There are 2 protein chains.
Amino acid sequence: MDAPLLDIAEVARRSGLAPSALRYYEKRGLITADGRNGLRRTYRPGVLERLTMITCARSAGLSIAEIHRFVVARPSDADLRARMTARADDLDEQIGRLTRLRDSLRHASVCAHEPIVDCPDFRRAVGNVPREHGTADADTPPAPAPPV
Amino acid sequence: MDAPLLDIAEVARRSGLAPSALRYYEKRGLITADGRNGLRRTYRPGVLERLTMITCARSAGLSIAEIHRFVVARPSDADLRARMTARADDLDEQIGRLTRLRDSLRHASVCAHEPIVDCPDFRRAVGNVPREHGTADADTPPAPAPPV
DNA sequence: CCTTGACTTGAAGCGCGGTTGAAGTCGCAG
DNA sequence: CTGCGACTTCAACCGCGCTTCAAGTCAAGG
């Protein structure tokens, strides 16, 4: 069974990440090199899947630290399982926001309002339901910007 | 018609953003204060909707600079309309990624793999379809991490 | 063996998105 | 009128996620 080990340049090329980023991820514990050939890192091909997952999670707004927690997780870690479901719930909300923003952008791109972003339809889609007269709502304990 | 102007503290409270962030957004051209009472900024209530939109866009990964472009856009700006639809397409992809990541997290939270993130189901859901034997694919010109 | 050049390390630097601090201004209650 | 404290500005600073640089190592080709 050949396990054709990859060097860092190859992994960089296939993953689309810079070598410096790969070293950085290793330092932060997100990936591990299989071994060394002299000084040079050698990677198992599986690292590519790991990197795809990491890139995906990063694009979802997860911090390196949080991804690290998932990566080092052992099945017995009930605490982490809770974090995972919590994260999944966060993602649900974010998916909703993104969907609304996407729809708003699509509308804005064909609408004729002066500052385009102030189009009522745009705003409604983003999630604003402007009060009909004035600001009737006393206080709005707002969604406190999720500290990713 | 009363337009009950708001002071920065009120806007901060209702928007959930720090006053410093509001000043920063103003400096970057994302919002404008209606006027001043002495030195103090006064805001029209409409700024709150603007801020909701901004927060939404930020959470979607748009940079301040890009939001600024949308904010200053005039309907005649065809170039910008193109950017908007392009952004909407980006968001579609991102929504897909997030959905997969969410499903993966939900699965991982009930699965018993050693490094949980290496569960085959998890990886498949994130978008990896590991080759059956070895890495048969010669080169993988990869998704070049969208430079948000 | 000798060169070459891709790799190694650690530290410093960068851009972003704000926050913090110092020093000053001023609306408003008393 | 006086004083308090919430506002103002501007510059410096911070954490994150890398990138860049300088200096060194070493595998492999000639």
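**Exercise 1. Find the volume of the largest cavity in this predicted model, and say what lines it.**

Step 1. Start with the term: on a 1 Å grid over the protein atoms alone, a cavity is a set of points where a 1.4 Å probe fits but cannot get out, and lining residues have an atom within 4 Å of a point. Grid points are joined across faces, edges and corners, and the volume is the space filled by probe spheres set on the points.

Step 2. The structure holds one cavity of 30 Å³ or more, and the largest cavity has about 50 Å³ of space.

Step 3. Now list the lining: chain A brings A:M53, A:A57, A:L62, A:I67, A:F70 and A:M84, while chain B brings B:L101, B:L105, B:V117 and B:F122. Two or more of these residues come from each of helix 3 and helix 4 (64-71) of chain A and helix 5 (78-108) of chain B. Helices (H or I, at least four residues) and strands (E, at least two) are DSSP runs, numbered from the N terminus.

Step 4. Sort by class, with Ala, Val, Leu, Ile, Met, Phe, Trp, Tyr, Cys and Pro as nonpolar, Asp, Glu, Lys and Arg as charged, and the others, Gly among them, as polar. The lining of the largest cavity then gives 10 nonpolar, no polar and no charged residues.

A word on the ground rules: residues are numbered from 1 along each chain as its sequence is written, and chains are lettered from A and ligands numbered from 1 in the order in which they are written. The model is predicted, so local features need pLDDT of at least 70 and side-chain atom pairs count only at pLDDT 80 or more, while totals for chains, interfaces and linings use all residues; side-chain values use heavy atoms, with hydrogens and water left out.

**Exercise 2. Describe the second largest pocket by volume, lining and class.**

Step 1. A pocket is an open set of grid points with protein on both sides within 12 Å along at least five of seven lines. The second largest one has about 310 Å³ of space.

Step 2. It is lined by 17 residues, and A:R44, A:G46, A:V47, A:R50 and B:D118 are the closest to its centre.

Step 3. Helix 3 (residues 47-59) of chain A gives the largest share of this lining, three residues. By class, the lining has eight nonpolar, three polar and six charged residues.

**Exercise 3. Work out how chain A and chain B meet.**

Step 1. Count contacts (heavy atoms within 4.5 Å): 58 residues of chain B touch 58 residues of chain A.

Step 2. Turn to buried area, the accessible area (1.4 Å probe) that two parts lose on being put together, summed over both. Between these chains it is about 5500 Å², and carbon and sulfur atoms give 61% of that.

Step 3. B:R14, B:E49 and B:L98 supply 11% of the area that chain B buries against chain A, more than any other three residues.

**Exercise 4. Characterise the protein surface near DNA strand C.**

Step 1. A residue is near a strand if one of its heavy atoms lies within 4 Å of it. Of 20 such residues, A:R36, A:R41, B:S20, B:G38 and B:R58 come nearest.

Step 2. Helix 2 of chain B gives the most to this surface, four residues.

Step 3. Of the strand C atoms within 4 Å of the protein, 81% belong to sugar or phosphate. In polar contacts (pairs of N or O atoms within 3.5 Å), a phosphate oxygen of strand C lies 2.5 Å from a side-chain N or O atom of B:S20. A polar side-chain atom of A:R36 is 3.0 Å from a phosphate oxygen of the strand, and for B:Y25 the distance is 3.1 Å.

**Exercise 5. Treat DNA strand D in the same way.**

Step 1. Of the 20 residues around strand D, A:S20, A:G38, A:R58, B:L39 and B:R41 come nearest.

Step 2. Helix 2 of chain A supplies the largest share of this surface, four residues.

Step 3. Here 79% of the strand D atoms within 4 Å of the protein belong to sugar or phosphate. A polar side-chain atom of A:R58 lies 3.0 Å from a phosphate oxygen of strand D.

Definitions and conventions. A polar contact is a pair of N or O atoms within 3.5 Å; within protein, one must be able to donate a hydrogen and the other to accept it, and residues adjacent in sequence count only if both atoms are side-chain atoms.
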